[in-house]
Amino acid sequence: MNKRLLIPLLLTVLLAGVLRFYKVEQDPPGLYIDEASIGYNAYQILKTGKDEFGIAHPLFFKSFGDYKMPVYIYSVAGAMSVFGKNEFAVRLPSALAGTLTVFLFYFFVKKILELNRSRSSQVIKSYLPLLSTFLLAISSWHIHFSRGGFEVNEGMLFYLVGVYLLLLFWEKKKRRFIIGGFFALALAMYTYHVFRILSPMTWVITSILFILKLPKDRKEIVIAGVMFLLFLFPILQFSFTPEGSSRFSASSAFSEYSTRSAQEKEFTFPMISLKNYFSFFSLDFLFSNGDGNGRHQIHEFGLLFRFEFIFLILGIIWIVEQKKSFLAYITFFLLIVAPILGAVARPSPHSLRGLILVLPLTMITSIGVITFLEFTRKKIKIALIILILIVLYELSSYIHAYYYHYSKVNALDWGAGYKGIVEKATEKSDQYDYLIVDKTLSFAPTYFLFYNDSLKPIFVTSDWIKPKSWDGKHILYIRPFYGKRSDPKLVNNIYLPGNNNDIFAQLWEL
């Protein structure tokens, strides 16, 4: 590696780490329900070797009507062995994977350029790896998902490792690279559901390519392919069970059309798939509103910064003009395969399922920036200063919105309030004979398990009435805020983050 670029690269990775780790335990506010579930199961695995249902060292974890992949949960268990059962440990694997993805992305892009036989400009070859790494480091899309306990970040890291190792095999023809590459692709499948489609697809395409173009290495390719299938056997077997297919069934884009005739489906299904697929490339999705889920992006911020639009267009034009370009092949391959699962799932577009799109889009945008600077080389200093100011403005606006507004506006999206319920209930539990929780607080059972599983609340419907047999008993009753702000029997209000004193729940003494 060029020593001249080592310090800029390390500074870029440091920036990526700061943006992903700073106050990660408190921003986003609270743990959303899947994070709490992952955290509790990870803690149970760490302490007892069993999940919440008493299954020893499971390969697939039952959760809210479907099953979670195991890698992230075991990663959180490892983090908890060092940092304890807390929000930081739940989010550490995601933030770390996001930071490492930025670091690996430099070598990934660099390797593509080394294998590129077309006449790319020397400026592209010199600056594309570092610029791509920098833009990924500050990507609001990538930062946002790296800061929550989302399994997709580890999955994307393993997938990128796999593709990078396959590039090394293409170059060096060493068995360890193709075996390692296929193993990393398999590991991605055991991390997040999207890669149950992307990894096998990548394996099939690369295997065919290697067999056709590397005839002397066919034996190594076949051996590695057999090992890949062995890695996949448990998940393939699981996928054909009702439990393994529950995720796809629940999120299928075609579920509402199940009663239609076969002829109608032949027309309807392809149209739905195409509509969903191309929705991932809509300007509204990428630059304005994202997928509309408050947990997935900040209000009035798209997944990409607005300044990236013109450079994305320039980058696409540059790549299309390339002939027999390895860079173009890899970039378009990632661009094409990334939304495939989203095409058959709902809702669509979905910024979590489509996160891997950030890699090719970042590469294309970086090419566009370099192309722009080449066009303006006679006044490159002025162009560079203007560009830096625009980038700093958009990045600082995003950071300000994230830390000063997002936690207040989107508190409910992240389960803020539930931790306060458990903490107050724990503080007062010795004073009461019964702890009663209104089921309207629908996620409360999971949060009680995560924050204090020694409490044994009784969950009741909203029309619950205290039994006469409990006369004389001290009861702490937790329910949502129904409009009454003061009462002699009101013990505590649980407030949401923000300046409005919004009440999330109340503790009553009965």
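This passage describes a strand arrangement, a buried histidine and several aromatic contacts in a predicted model.

In the sheet considered here, five strands are arranged in the order β4-β3-β5-β7-β6, and the sheet is open, with mixed pairing. The edges are taken by β4 (458-460) and β6 (490-495), each of which has a single partner strand, so that one side of each is left without a neighbour in the sheet. From one strand to the next, the twist averages 20°. Strand β7 (residues 503-509) is paired with β6 in the antiparallel sense over five bridges, and N493 is found opposite Q506 in β7. Helix α19 (residues 418-428) packs on this sheet, where it touches β3 (434-438), β5 (475-480), β6 and β7, and the direction of the helix makes about 150° with that of β6.

A second region is centred on helix α6 (residues 140-146), in which H142 lies. The relative accessibility of H142 is 0%, and because buried means under 20%, this residue counts as buried. The side chain of H142 makes a polar contact of 2.9 Å with the side chain of R20. When residues up to four places away in sequence are not counted, H142 touches R20, G98, T101, V102, L136, N153, M156, L355 and V358.

Across the whole structure, a search finds 43 aromatic pairs. One of these is formed by W141 and F285, whose ring centres are 6.1 Å apart and whose planes stand at 90°, so the pair is classed as edge-to-face. Since W141 belongs to helix α6 and F285 to helix α13 (residues 283-288), the pair ties together parts that are 144 residues apart in sequence. W141 counts as buried at 1% relative accessibility, and F285 is also buried, with a relative accessible area of 1%. The rings of Y277 and F278 likewise form an edge-to-face pair, because their planes are at 85°, with the ring centres 5.3 Å apart; Y277 is buried, with a relative accessible area of 15%. Beyond single pairs, ring pairs link Y22, F301, F305, F307, F311, F372, Y398, Y402, Y403 and Y406 into a cluster.

Aromatic rings are also found beneath a charged side chain, that of K85, which lies over the face of Y43 at 4.5 Å from the ring centre. The charged end of K85 sits over the ring of F450 as well, at 5.8 Å from the centre of that ring.

Definitions and conventions: Residues numbered from 1 in each chain as written. Predicted model: local features only at pLDDT ≥ 70, side-chain atom pairs only at ≥ 80, totals over all residues. Heavy atoms only, no water. Pairing = 2+ DSSP bridges. Helix = DSSP H or I, 4+ residues; strand = E, 2+ residues; numbered from the N terminus. Axes fitted to C-alpha atoms, helices over the stretch in contact; angles between N-to-C directions. Contact = heavy atoms within 4.5 Å. Buried < 20%, exposed > 50% of the residue type's maximum accessible area, 1.4 Å probe, protein only. Polar contact = N/O pair within 3.5 Å; in protein donor to acceptor, adjacent residues only side chain to side chain. Phe/Tyr/Trp six-rings, centres within 6.5 Å; stacked < 30°, edge-to-face > 60°. Lys NZ or Arg CZ within 6 Å of the ring centre and 35° of its normal.
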